[in-house]
Amino acid sequence: MRAKRGSTWVRALRTPVGATGAALLVVVFLLAALAPVLWSAQASAVDTSQILRGSSSAHRLGTDSLGRDILYRLLVGTRLSVTLALGATAIGVGAGLVLGTTPMWLGARLGRIVGAAVNIAVAFPGLLLALFFAAVFGIGATGAVLAIGFAIAPGFARLTQTLVARVAGLDYIAAARIAGVGRGRVLIRHVLPNIGEPLVVNATIVAGNALLALAGLSFLGLGVQAPAYDWGRLLAESLNSIYINPSAAFATGLAVVVAGLAFNLFGEAVARGLGLRTPSAAVVSDRGRRTPRAPAPARADGAPDREPALLAVEGLCVSFPGPRGATTPVRDVGLSMRRGASVGIVGESGSGKSLTALAIAGLIEEPGRVDADRLEFLGADLRGDRVRAHRHLLGTSFAMVFQDPLASFNPTMRVGRQLAEVAEEHLGLRRAPAWARAVDRLRAVRLPGAERRARQFPHELSGGMRQRAMIGMGLMGTPALIVADEPTTALDVTVQRQVLRLLESIRATEHVAILLISHDITVVSHVCERVLVMYAGRVVEDLPTVDLPRCRHPYTRALLAAVPDLATDRSRPLTVIPGRPIDPSEYPVGCAFAPRCPLADEHCRHVDPALVADGHGRRVACWHADATPAERVGDPN
Amino acid sequence: MSELRFSGVTVRFGTRTRGLTAVDGVDLTVASGSVVGLVGESGSGKSTLARAAVGLTPMVSGRILLDGRPVRAPWRAGPHRVQMVFQDPYSSLDPRMTVGASIAEAIPRAIVRNGVTRRSEVARLLGLVDLDPDRADQYPAELSGGQRQRVAIARALAARPDVLIADEVTSALDVSVQGTVLNVVRDLRHRIRLSMLFISHNLAVVRYVSDVIAVMYLGRIVEVGPADDVLLDPQHPYTRELLAAAPRPGATPLGPPPGDPALRRVADAEPADPHHPREGCRFHPRCPVGPLVRPERGVCREREPATAEHRHRAACHFALPASHEDSHAPSDEGGSGAPTPAH
């Protein structure tokens, strides 16, 4: 964790912007530390013979009204400029943190009042606020620092407030509160570390702005007073003689700009570094690399199909480029479906089941790539770019239902309108008949009050209703296949039953095939005639639902036993699958399930079993599929 | 060994005119050493009830008593005897703290003063939830969902609570690791005799761990009783509906939709909107034995059912009278679920 955070900063510094910012910042700080030690004598040496001279070999930037060397004064002035800027930043950040975290330590009500005050202060222009404070605190360096500091505070407080509000709503804060951890400790241990990075980045940028603002105040004569001098004062003095000695004013201005830029660039680079998730360079370098694939297994479904397959998939692979080479979360998946069939795919999260569905629908986006030996829907080849040519076919004959129906609808359009659009686009219907069909389809999915609901917006419908409307949208054409990806996971059990029943009755009445994807093997077994079990991107078992009690893969057995039902023996512990699902980037040579399998032996760990048919319409990929129940270690039954 | 008692707990959100009563006069008792399972759909107010019990959500009226005394609010010093485990183990652990530090933070000072080192206490707690003590130095990101959830349970146990509230602790987990968490919950009951309020929308999960089952619908407890009684002899039609939807081996709960159009309408009805509670019985728009199917049952539209006189305190006009119940469950004066050991 810490190493990862450290590397973010390092990565930020490797970018050109970050490197420039950091280098400039180092120079500025070195000057601030060393210049007064080395050159303060030269900078204050008065030479009345050399008053207001232009640039010469002795005085590169000329001299001022007392004959002092401007270059040395500029270098020595760095310390005061930077110190004042850092001081103002410290005051601003400190005050901002205190104000921004008030809801945490004063409670919600007082926090709201402070928040309102901060919001009003944010509305004032910063410079106006600084001038106001400068007048209040009096003219001089201290006044200027306080003024800029307090001018910074509201903006910083607002940022802190927002970040704190985001973190304070998380459960770990609530858990700490319940455990009796005090407000102060919650703030220091839980809140601040989790919002620290954006605050630090912002403080860097704020410091740059403070430097500029302080130079401005000194320039106006409101800041540093003689005999002390900072860049703002130097600029004001050299501006008087700009016609005699333009280089002095120019160099001083440049110093202010460069130092300000150093802070800002550094902050920008780090901010961008924190936002980086996947380095785009790695994506480019991996593109086009073909992933090695296992040879496609012989297709054997038992009885040969007379009827042509509605959907035929063979050797389907989905791969994504990653920072450490391409990963293949879906490996060599094959399935075939006939009209009116119902097939379920089950697996844990990360097993590749949803990606399989997306690949069939042609919805895998760049940089992901789909390879298949065969990917046919109603006889049309959907591989590669050909999917575009079959858009019309997909639009009318293929429907997809997603887990979150709210995200699949356009929130600004009425439900009926969105359904009607499908009919206008793909069936060429005019507006009125399309609307009529939309209402009819909503009635077909038994949406109560279909006509009224069609005129409502998606957020006005409950989760179950939206899911039905989504299915209704799939029925706008004459679909031959509905792919439902976790359609009931977000729904309550009673509503889940309604939606599953609806899918089942559509299948029965309209002869539509259904491919149902779920993590819950019981859901799949309620609806589907056939179940495909996926693990680590592969199909490990494929069997008719009625044969589930006699399943042969240890993973399928464990999945069945892991879910308690109303007949589970309460006096015995539930069967668990030890370990955790395997990450697509670390697939082993042998069987991917071997590390979690009670039957695994040396052979399993070295040779990946192929998916073989048993002649009864079942396929299984396991070296120990024929082990008798007595040999099955850890079998719950 | 302590009893958590909710009496007349009401929680409202929002303003008087546009508000929503999330929990509406709930009476429920978690008896000493028992596990009460609370089931209901989303929006039924079960999580709000849990948050009220640990003081995260203020009540409008009613009291939550632990052994007769009000539950201590968060931020107050002293032992916090009611602890809670949250639904999402990905947001309930501070990503910047090691697992051990998160647990150690919740250990009361009094325990450390008695010569127990924080480190050994953390190891003991990790052992209670079947995790290796070496995990203490890992960050949450290095753990799977099931392991994180067990760490969250260990942290809740660190405060040595008398009552543990588990709010949908398995619903964010993959089915394959759900079992590890349920086994830990079940073990804890036997090992440290903790009183527990176990909240879930899944009746089969609740059945596996609970002695008493309470069913919540739109802010009200509509049925409560010993687990086996409620499951074998449900009195409220909503409980029956939940039972029908729960997985059970062999039998498919997905029968064909009912032939009777009235029944079918009821079966397709949407969950009620808590912003606009219905007059009379709040379940009547979805009830398969209510006024939409049997027109003569007008009483359901007009009067809210009383609970006291029915078996399992079922909030249904047509539940069996309580007199039948005498042989089943011991009646305490609140009538609330006294535990009967389920085995």
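**Figure 1. Two domains of chain B, with 30 Å between their centres, taken over C-alpha atoms.** This is a predicted model, and the close-up takes in the two parts that the domain assignment gives for chain B: domain 1 (4-229) and domain 2 (238-246 + 256-327). Where they touch, domain 1 of chain B puts in 17 residues and domain 2 of chain B puts in 16 residues. On the domain 1 side, look for β2 (20-30), α7 (203-209), β9 (212-217) and β10 (220-226) of chain B, the elements that give two or more residues each. Of these, β10(B) has the largest share, with five residues. Sorted by class, that side of domain 1 of chain B comes out as ten nonpolar, three polar and four charged residues.

**Figure 2. Chain A meets chain B.** Here 57 residues of chain A are in contact with 56 residues of chain B. On the chain A side, a run of helices turns up with at least two residues each: α8 (171-178), α9 (183-219), α20, α21, α22 (521-527) and α23 (554-562). Which helix gives the most to this side of chain A? That's α21(A), with ten residues. The class split for the side of chain A that touches chain B is 27 nonpolar, 17 polar and 13 charged.

**Figure 3. Helices α20 and α21 of chain A, side by side.** Zooming in on chain A, we have helix α20 (residues 463-474) and helix α21 (residues 493-510), whose axes come within 10 Å and cross at roughly 15 degrees. Angles under 35 degrees count as roughly parallel, so α20(A) is roughly parallel to α21(A). As for handedness, the crossing of α20(A) and α21(A) is right-handed. From α20(A), the residues to pick out are G463(A), G464(A), Q467(A), R468(A) and I471(A); they meet V495(A), Q498(A), V499(A), L502(A) and L503(A) in α21(A). Taken together, the contact of α20(A) with α21(A) has five nonpolar, four polar and one charged residues. Both helices also show up in the previous view, each giving at least two residues to the side of chain A that touches chain B.

**Figure 4. A23 of chain A and its surroundings.** A23(A) sits in helix α2 (residues 16-44) of chain A. Is A23(A) buried, exposed or partly exposed? It has 14 C-beta neighbours inside 10 Å, so A23(A) counts as partly exposed. Also worth finding in this view is L13(A): ten residues separate it from A23(A) in sequence, and in space the two are 9.6 Å apart, C-alpha to C-alpha.

Technical notes
Residues numbered from 1 in each chain as written. Chains lettered and ligands numbered in written order. Predicted model: local features only at pLDDT ≥ 70, side-chain atom pairs only at ≥ 80, totals over all residues. Axes fitted to C-alpha atoms, helices over the stretch in contact; angles between N-to-C directions. Helix = DSSP H or I, 4+ residues; strand = E, 2+ residues; numbered from the N terminus. Parallel < 35°, antiparallel > 145°, perpendicular 65-115°, else oblique. Left-handed = near helix turned anticlockwise from the far one by under 90°. Contact = placed C-beta atoms within 7 Å. Nonpolar A, V, L, I, M, F, W, Y, C, P; charged D, E, K, R; others polar. Domains from an automatic or database assignment. Buried ≥ 20, exposed ≤ 12 C-beta atoms within 10 Å, placed from the backbone.
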